[in-house]
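Here is a report on one model. It covers the sheet, the helices, the core and a few loop residues.

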Amino acid sequence: MPIDRFSVTFPVAAPPADVFAHLADPQSYVGLSPLVVLVRDVRPVRDDRGRPAVGYVAVERFRWGPLRWDNPIRVTMTALDGRVISSVVSPGAVRLDSTVDLTADGTGTRVTETIEVRSPGPLRRFVTGKARSVQSARRSELTRRMGPIRHPRQTG
């Protein structure tokens, strides 16, 4: 099965501990990933290396004009030492691994997300295109969510 790998690095304003806490919470992915509309069945599990992890089902919503398709995907998330690894099993023999590394960068964080996706040949273009699109949107949304707190200007 073909494997595609791509990576993005970007800064966010919040410190690594705050970014890590946000990314280690499965509920944070609703809206952080533009396709994810629901997270359910969150439970403690072990990852493929036997480390403590969190398993859950994320529901991705795809739209084509008036049609919509809800795609339940099984996710195993391991969050350790400034790294969040999410392994996804999706229908259609699609497998995706996302590794997010966080490093202190001044008062903020440098975020590097590497995605490796395996998909059958007929689905490859669609799957890779969606994965890249979601990664780009997640970058924008995480940057927005982790932006500096703005206080209203005091008057008078």
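Two strands pair if DSSP finds at least two bridges between them. Helices (H or I, at least four residues) and strands (E, at least two) are DSSP runs, numbered from the N terminus. The model is predicted: local features need pLDDT of at least 70, side-chain atom pairs count only at pLDDT 80 or more, and totals for chains, interfaces and linings use all residues. Residues are numbered from 1 along each chain as its sequence is written, and side-chain values use heavy atoms, with hydrogens and water left out.

**Sheet**

Seven strands form an open sheet in the order 1-7-6-5-4-3-2, with antiparallel pairing. Strand 1 (3-12) and strand 2 are the edge strands, and each pairs on one side only. On average, neighbouring strands of this sheet are turned by 20 degrees against each other, direction ignored. Axes here are lines fitted to C-alpha atoms, for helices over the stretch in contact, and angles run from 0 to 180 degrees between N-to-C directions.

Strand 1 and strand 7 (residues 108-118) run antiparallel and are joined by ten bridges. Thr9 stands opposite Thr112 in strand 7. At the other edge, strand 2 pairs with strand 3 in the antiparallel sense over eight bridges. Val36 stands opposite Glu60 in strand 3. Strand 3 is also joined to strand 4 by eleven bridges, again antiparallel. Tyr56 has Val75 in strand 4 as its bridge partner.

**Helices and core**

Helix 1 lies across strand 1, strand 4 (67-80), strand 5 (83-90), strand 6 (94-105) and strand 7. Helix 1 runs at about 160 degrees to strand 6. Helix 3 (residues 124-145) lies across strand 1, strand 3, strand 6 and strand 7, at about 10 degrees to strand 1.

Which residues of helix 1 (residues 16-23) are buried? They are Val19, His22 and Leu23. Buried means under 20% relative accessible area, exposed over 50%, and partly exposed in between (1.4 Å probe, protein chains only). Seen down the axis of helix 1, the buried residues fall within an arc of 90 degrees, so they line one face of the helix. The arc is that of the directions from the helix axis to the C-beta atoms. An α-helix has 3.6 residues a turn, so residues three or four places apart point the same way.

The largest nonpolar core has 29 residues. Such a core is a set of buried Ala, Val, Leu, Ile, Met, Phe, Trp, Tyr and Cys residues joined through side-chain atoms within 4.5 Å. Val12, Val19, Leu23, Tyr29, Tyr56, Val111 and Leu142 touch the most other members. Leu142 touches Phe10, Val12, Val19, His22, Leu23, Leu32 and Val111, not counting residues up to four places away in sequence. Contact means heavy atoms within 4.5 Å.

**Strand 5 and the loops**

Ser86 is in strand 5. Ser86 is buried, with a relative accessible area of 9%. Leaving aside its neighbours within four places in sequence, Ser86 is in contact with Val75, Thr76, Met77, Leu96, Asp97 and Ser98.

Asp47 lies in the loop between strand 2 (36-46) and strand 3 (52-64). At 10% relative accessibility, Asp47 counts as buried. The Asp47 side chain reaches the backbone nitrogen of Arg49 at 2.8 Å. The Asp47 side chain also makes a polar contact with the side chain of Arg51 (2.7 Å). A polar contact is a pair of N or O atoms within 3.5 Å; within protein, one must be able to donate a hydrogen and the other to accept it, and residues adjacent in sequence count only if both atoms are side-chain atoms. Asp47 touches Ala53, Thr76 and Thr78, not counting residues up to four places away in sequence.

Pro66 lies in the loop between strand 3 and strand 4. Pro66 is exposed, with a relative accessible area of 83%. The C-alpha atoms of Pro66 and Ala53 are separated by 37 Å, at 13 residues apart along the chain.

Most residues other than glycine have a negative phi. The table lists residues with a positive phi.

| Residue | Place | Phi |
|---|---|---|
| Gly50 | hairpin of strand 2 and strand 3 | near 85 degrees |
| Gly65 | hairpin of strand 3 and strand 4 | near 60 degrees |
| Asp81 | loop between strand 4 and strand 5 | about 50 degrees |
| Ala93 | loop between strand 5 and strand 6 | about 65 degrees |

Asp81 is exposed, at 81% relative accessible area. Ala93 is partly exposed, at 33%.
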